[in-house]
Amino acid sequence: MSNWADLPHFIVYEIICRLSFFDDIFIVGAVCKSWQSVVYSFEKPPPLPPKGPWIMLSEEREQGNKESKTRSLFNLLDTKTYYFKLPELVGRKCLGTSFGWLLTIGADFQINLFHPLSKHLIRLPPQPTFCRQYTPEVEPEHLRNIFVRKCVLSRSPWNSVTNEYDRDCIIMAIYGEIRTLAFTRPGYKAWIDIESPSRAYDDIAFYKGNFYAVDAHGEVFACQIDDNQKVVAKAVAPRPKGTRDLIKKYTVESAGDLLLVLRVRGGHYYSIEDYPNYEEDEFHNVDLEDDIEDEDAPENESEEVEEEEEEEKINDNSYVTVGFTVLKLKRFTQAGSKYKYKYVKVDNLGDRALFVGDNSSVSLSASSLNGCKANCIYFTDDNIELYEETLNGGGYDMGVFCMKDGTFYKHYPESFSYYSTPLWSI
């Protein structure tokens with residue numbers, strides 16, 4: 001067998017350009033010094049997605065770590081924290097998108113797509129080009145942190161065939177005081193508003209060629225982007241009965257289905273009055289054919305005491321996640337209805353693991369990721385509106401929710417900050 005080190009550099013280069021995950025670039029560089037030199041020859045390696053989920057931890061100071069210019073990223077698979085020199089992110093508001101990219105906003109209100117592992121950067125239209133601006137004026141630092149709430153990509157903005165940025169990529173965002181929708185593309189000069197009958201959107205997903213947005217009520221809207229026509233959001237699924245606006249909504253494509261994930265919080269800022277009859281009449285319009293029967297109430301006094309102690313523990317926090325419910329949008333037709341979907345309650349995610357927070361909601365196959373558990377929801381603390389109302393800042397309401405038994409455990413202790421959210425980089 002010939003020596004791998006003798007493989008011509010241009011072939012090694014072509015191999016690297018065809019890899020699927022950024023982590024594999026490091027593996028190529030570890031084969032031998034000859035291959036390592038090819039990896040180092042890239043001014044910027046291809047901006048590929050990471051093989052597994054990373055958490056980009058919060059910045060503790062609002063101006064960031066200007067001395068070391070680093071950001072900390074926790075690798076969920078090997079449970080190690082890595083420190084990357086990323087001056088491009090210091091003091092900037094960051095949101096997780098997909099394919100390993102982040103949306104960042106600086107004090108100058110310039111908006112960029114940035115790949116933290118490869119350091120590729122795409123300039124997008126700045127914040128003042130959005131149609132709707134905050135009124136009355138708010139402090140620039142605060143405006144930077146709250147103006148864009150979510151950002152989702154239709155595809156990777158990097159074309160692996162041409163090794164150039166893909167101008168066909170659509171970037172959709174939830175923005176502004178009333179949390180409405182807008183989109184742009186690489187190369188555009190401004191963000192374009194989407195006409196919608198609703199507002200106060202919580203999340204967006206790209207599913208089967210269209211964007212789907214869910215508002216605070218739980219109503220789902222479809223948006224088909226056509227540059228030659230005015231883009232309008234059309235309602236396709238009703239508000240689930242029994243839900244409340246304070247229940248956080250996420251929408252995510254998972255194994256070919258579109259899911260609606262409901263996150264319930266408790267604590268000082270979320271009293272039980274906010275969720276009247278939540279468990280009793282939670283989803284009256286859910287198709288119950290596939291439902292698993294609810295567990296019985298506590299059978300003895302000791303179990304009731306344990307529940308009371310757990311409730312007291314929850315109330316020690318300003319806010320804390322206490323449960324999740326997952327619904328699947330199922331196609332249906334009904335005469336006279338404007339909706340194309342109804343809801344089916346999901347009790348088991350199978351091999352999938354969901355990742356929600358201040359990022360594009362993502363579903364991954366757990367069996368392909370060592371250290372990732374199936375049938376679980378991994379979540380970070382995205383409740384930035386209450387960060388300044390807590391003693392040490394936000395960033396503590398993170399963990400893993402097991403769909404099987406409703407239990408929680410931690411994937412990372414906490415990442416405290418008053419303005420910067422921990423988020424998934426996937």
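Two strands count as paired here when DSSP finds at least two bridges between them, and that rule underlies the first stop of this tour through a predicted model.

**The hairpin.** Select β6 (residues 111–114) together with β7 (residues 121–124). The two strands form a hairpin with 6 residues between them, and in the turn K119 has a positive phi of about 70°. The strands run antiparallel and are joined by 4 bridges; across them, N112 stands opposite R123, while F114 has L121 as its bridge partner. Now show the side chains of β7, where I122 and L124 point to one face and are buried, whereas L121 and R123 point to the other face and are not. In a regular strand the side chains alternate between the two faces of the sheet.

**The sheet around it.** Widen the selection to the open sheet of 4 strands, which lie in the order β4-β5-β6-β7 with antiparallel pairing. Because β4 (93–96) and β7 are at the edges and each has a single partner strand, one side of each is left without a neighbour in the sheet. Neighbouring strands of this sheet are turned against each other by 25° on average, direction ignored.

**Helix α3.** Move next to residues 33–41, which make up helix α3, and colour S34, W35, V38 and V39, which are buried. Viewed down the axis of α3, the buried residues fall within an arc of 145°, so they line one face of the helix. The cover over these buried residues includes α1 (9–17) and α2 (23–29), while the face of α3 turned away from the buried side carries the exposed residues K33 and Y40.

**Salt bridges.** The count for the model comes to 16 salt bridges, of which three are worth selecting in turn.

- Start with E14 and R18, whose side chains meet at 2.5 Å, N to O; E14 counts as partly exposed at 35% relative accessibility, and R18 as exposed at 61%.
- Go on to R132 and D193, whose side chains meet at 3.4 Å, N to O. This pair links distant parts of the chain, 61 residues apart, with R132 in the loop between β7 and α4 (140–146) and D193 in strand β13 (residues 192–193).
- Finish with R265 and D397, whose side chains meet at 3.5 Å, N to O. R265 lies in strand β19 (residues 257–266) and D397 in the loop between β25 (376–379) and β26 (399–402), 132 residues apart. R265 is buried, with a relative accessible area of 4%, and D397 counts as buried at 3%. Adding R263 and D382 to the selection shows the network of salt bridges that links them with R265 and D397.

Conventions: Residues are numbered from 1 along each chain as its sequence is written. This is a predicted model: local features need pLDDT of at least 70, side-chain atom pairs count only at pLDDT 80 or more; totals for chains, interfaces and linings use all residues. Side-chain values use heavy atoms; hydrogens and water are left out. Buried means under 20% relative accessible area, exposed over 50%, partly exposed in between (1.4 Å probe, protein chains only). The arc is that of the directions from the helix axis to the C-beta atoms. Contact means heavy atoms within 4.5 Å. Axes are lines fitted to C-alpha atoms, for helices over the stretch in contact, and angles run from 0 to 180 degrees between N-to-C directions. A salt bridge is a side-chain nitrogen of Lys or Arg within 4 Å of a carboxyl oxygen of Asp or Glu.
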